[in-house]
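Please examine the sequence and the model below before reading on. The explanation is meant to be followed with both in view.

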Amino acid sequence: MRAADEQDFAAYVAARRPALVQAVAVLGSPPGHAAVLADRALARAGHDWGELREGPGPDVEVWRLLLEERARDRTRWW
């Protein structure tokens, strides 16, 4: 990832991560586990950040990745 992409991605994560964690918690995951799921989705988004940023908007793709992570997760948190 280029330095400019890294800075842009870091700014995106700083701005969006709290809301993503809260959204997963509202869906029923405990806050700590919601943070893990959000971090997994953001890590996946970071790998293709250049493409995501150039597309229709990264929010849609990050939300899709987040829902995908939540659906795939088999962690017993209860």
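The paragraphs below consider two helix contacts and two residues.

The model is a predicted one. A convenient place to begin is the packing of helix H2, residues 31-47, against helix H4, residues 58-72. The axes of H2 and H4 come within 8 Å and cross at roughly 130 degrees. Angles over 145 degrees would count as roughly antiparallel and those from 65 to 115 as roughly perpendicular; H2 is therefore oblique to H4. The crossing of H2 with H4 is right-handed. On the H2 side, the contact is formed by Leu-37, Ala-38, Arg-40, Ala-41, Leu-42, Arg-44 and Ala-45, and H4 contributes Val-62, Leu-65, Leu-66, Glu-68, Glu-69, Arg-70 and Arg-72. By class, the residues in this contact between H2 and H4 comprise 8 nonpolar and 6 charged, with no polar ones.

Within this contact, Glu-69 of helix H4 merits separate attention. Is Glu-69 buried or exposed? The relative accessibility of Glu-69 is 4%, and the limit for a buried residue is under 20%, so Glu-69 counts as buried. Apart from neighbours within four places in sequence, Glu-69 touches Leu-37, Arg-40, Ala-41 and Arg-44. The side chain of Glu-69 also makes a polar contact of 3.2 Å with the side chain of Arg-72.

Helix H4 has a further contact, with helix H1, residues 3-26. The axes of H1 and H4 lie 12 Å apart, and the two helices pack at an angle of about 40 degrees. Angles under 35 degrees would count as roughly parallel; H1 and H4 are therefore oblique to each other. Their crossing is right-handed. The participants from H1 are Tyr-12, Arg-16, Leu-20, Ala-23 and Val-24, while those from H4 are Pro-58, Asp-59, Val-62, Trp-63, Leu-66 and Arg-70. This contact of H1 with H4 contains 8 nonpolar residues, 3 charged residues and no polar residues.

Arg-70 is listed in the contact of H4 with H2 and in that of H4 with H1. The side chain of Arg-70 is also joined to that of Ser-29 by a polar contact of 3.3 Å. Where does Ser-29 lie? Ser-29 is placed in the loop between H1 and H2. With a relative accessibility of 6%, Ser-29 counts as buried. By contrast with this link to Arg-70, the C-alpha atoms of Ser-29 and Pro-56 are separated by 28 Å, and the two residues are 27 places apart along the chain.

Conventions. Residues numbered from 1 in each chain as written. Predicted model: local features only at pLDDT ≥ 70, side-chain atom pairs only at ≥ 80, totals over all residues. Heavy atoms only, no water. Helix = DSSP H or I, 4+ residues; strand = E, 2+ residues; numbered from the N terminus. Buried < 20%, exposed > 50% of the residue type's maximum accessible area, 1.4 Å probe, protein only. Polar contact = N/O pair within 3.5 Å; in protein donor to acceptor, adjacent residues only side chain to side chain. Axes fitted to C-alpha atoms, helices over the stretch in contact; angles between N-to-C directions. Left-handed = near helix turned anticlockwise from the far one by under 90°. Contact = heavy atoms within 4.5 Å. Nonpolar A, V, L, I, M, F, W, Y, C, P; charged D, E, K, R; others polar.
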